[in-house]
Amino acid sequence: VCGELQQCAEDGADLDIYQVTAFFKYYHTDDPLHKYRYAWYCFKSLLCALVQTLGIVAFLSYEVRNDWTDLQCTMTAEWDLRCVATLFSAYISVQISTYFNELRGQGLYEKVGFLPAFLANEWVYLGLYCNAFTLMAATFGSFLLIYNSDTTIDVVLNALALFFIIDIDDNLVDHLDYFHIAKWFETEYDPNVLFTDERLADVRYKVLCGMPLQVSGRTGGCNTLKLIWVFVGAVFVLTLRYISLLAAVAAPILIAVCY
């Protein structure tokens with residue numbers, strides 16, 4: 001995990017605002033400005049989480065409420081418009097699995113259950129859950145927008161309109177964030193201090209439904225509430241993935257028949 005974080009920092013890629021906030025929570029805590037810096041990253045992460053969840057839910061609610069009468073199986077579209085809509089919806093369906101795999105392997109998400117104590121794992125889990133929810137919502141939203149499109153240009157634009165929301169957490173990270181993390185690894189990181197036998201002896205895991213849950217040995221503790229958050233969130237992500245894959249199979253067929 002440490003090697004992955006260092007490599008991401010040196011490359012200046014693959015970290016999002018949630019993962020950066022997880023690092024800065026315990027970064028130079030003796031600095032008088034630490035609480036203000038950390039508060040700023042918390043604000044950016046929470047704002048991003050609201051946009052990726054509440055924002056996209058509000059958008060879908062508005063679209064469904066205002067276009068409910070248009071969501072009928074009319075089968076009246078011209079063959080060329082129907083063809084374009086079906087092909088782009090099929091493209092989105094194929095991309096869903098790729099998006100989930102990329103998310104799971106992005107930065108710290110790949111081994112989220114084994115984060116070292118100097119990273120605040122609650123922020124990393126929040127980022128994983130928010131991105132998974134956004135991916136599912138953007139998928140359903142794209143199918144909805146395609147179905148309500150009146151021209152081929154609208155189909156093309158609407159097919160990819162919502163997927164930018166998936167990347168807003170990456171866009172909130174700048175080069176200075178990567179620089180500070182890379183500099184910390186270069187000048188301060190010492191595995192012999194961070195991973196002593198005494199500290200490693202305190203690390204304990206429980207496996208629940210195949211998921212490793214760390215129950216001791218973390219900075220800030222491993223209280224029951226955090227463990228529930230991790231477990232429920234993991235189940236939530238798996239559920240979203242299967243729902244999205246099911247929609248990916250059904251949506252192109254429905255659009256091809258009912259458009």
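Helices here are DSSP runs of H or I with at least four residues, and they are numbered from the N terminus. With that in hand, His-28 can be placed: it sits in the loop between α2 and α3. The model you have open is a predicted one, so please read each stop with that in mind.

**Start with the whole chain**

Colour by secondary structure to begin. The protein has 11 helices and 2 strands, and their order along the sequence is α-α-α-α-α-α-α-α-α-α-β-β-α. Of its 259 residues, 42% count as buried.

**Stop 1: the loop between α2 and α3**

Select His-28 first. This residue is not a glycine, yet its phi is positive, about 50 degrees. Most residues other than glycine have a negative phi. With a relative accessible area of 27%, His-28 is partly exposed.

Now select Lys-25 and Glu-122. Their side chains meet in a salt bridge, 2.6 Å from N to O. What does the pair tie together? Lys-25 lies in the loop between α2 (17–24) and α3 (34–66), whereas Glu-122 belongs to helix α5 (residues 121–147), so the bridge links parts that are 97 residues apart in sequence. Lys-25 counts as partly exposed, at 22% relative accessibility.

Next, pick Arg-37 and Asp-31. These two also form a salt bridge, with their closest N and O atoms 3.9 Å apart. Both ends can be checked for exposure: Arg-37 is partly exposed at 22%, and Asp-31 is partly exposed at 28%. The count of salt bridges comes to 2.

**Stop 2: the negative patch**

Switch to a surface view and select Glu-4, Glu-10, Asp-11, Asp-14, Glu-110 and Glu-186. Together they gather in a patch of negative charge on the surface. Which element gives the largest share? Helix α1 (residues 2–11) does, with 3 residues, and Glu-10 is found in this helix.

Stay with Asp-14 for a moment. This residue is in the loop between α1 and α2, where its phi is near 75 degrees, a positive value in a residue other than glycine. At 46% relative accessibility, Asp-14 counts as partly exposed.

**Stop 3: the nonpolar patch on α3**

Keep the surface on and select Trp-40, Phe-43, Leu-47 and Val-51. They form a nonpolar patch on the surface, and their accessible area together is about 400 Å². Leu-47 is placed in helix α3; with 43% relative accessibility, Leu-47 counts as partly exposed.

**Stop 4: the core**

Hide the surface and look inside. In soluble globular proteins, nonpolar side chains tend to be buried together. Here the largest nonpolar core has 70 residues, and those with the most contacts inside it are Leu-5, Tyr-18 and Phe-23. Which helices each supply at least two residues? They are α1, α2, α3, α4 (79–104), α5, α6 (152–159), α8 (175–187) and α11 (224–258). The largest share, 17 residues, comes from α5.

**Last stop: Asp-177**

Select Asp-177, which lies in helix α8. Is Asp-177 buried or exposed? Its relative accessible area is 2%, so Asp-177 is buried. Add Ala-9 to the selection and draw a distance between the C-alpha atoms: Asp-177 and Ala-9 are 8.2 Å apart in space, although 168 residues separate them in sequence.

Key
Residues numbered from 1 in each chain as written. Predicted model: local features only at pLDDT ≥ 70, side-chain atom pairs only at ≥ 80, totals over all residues. Heavy atoms only, no water. Patch = residues over 30% accessible without salt bridge, like charges linked within 9 Å, V, L, I, M, F, W, Y side chains within 5 Å. Areas by Shrake-Rupley, 256 points an atom, 1.4 Å probe, with all protein chains shown as cover. Salt bridge = Lys/Arg side-chain N within 4 Å of Asp/Glu carboxyl O. Lys, Arg positive; Asp, Glu negative; His and termini not counted. Charge placed at Lys NZ, Arg CZ, Asp CG, Glu CD. Buried < 20%, exposed > 50% of the residue type's maximum accessible area, 1.4 Å probe, protein only. Core = buried A, V, L, I, M, F, W, Y, C linked by side-chain atoms within 4.5 Å.
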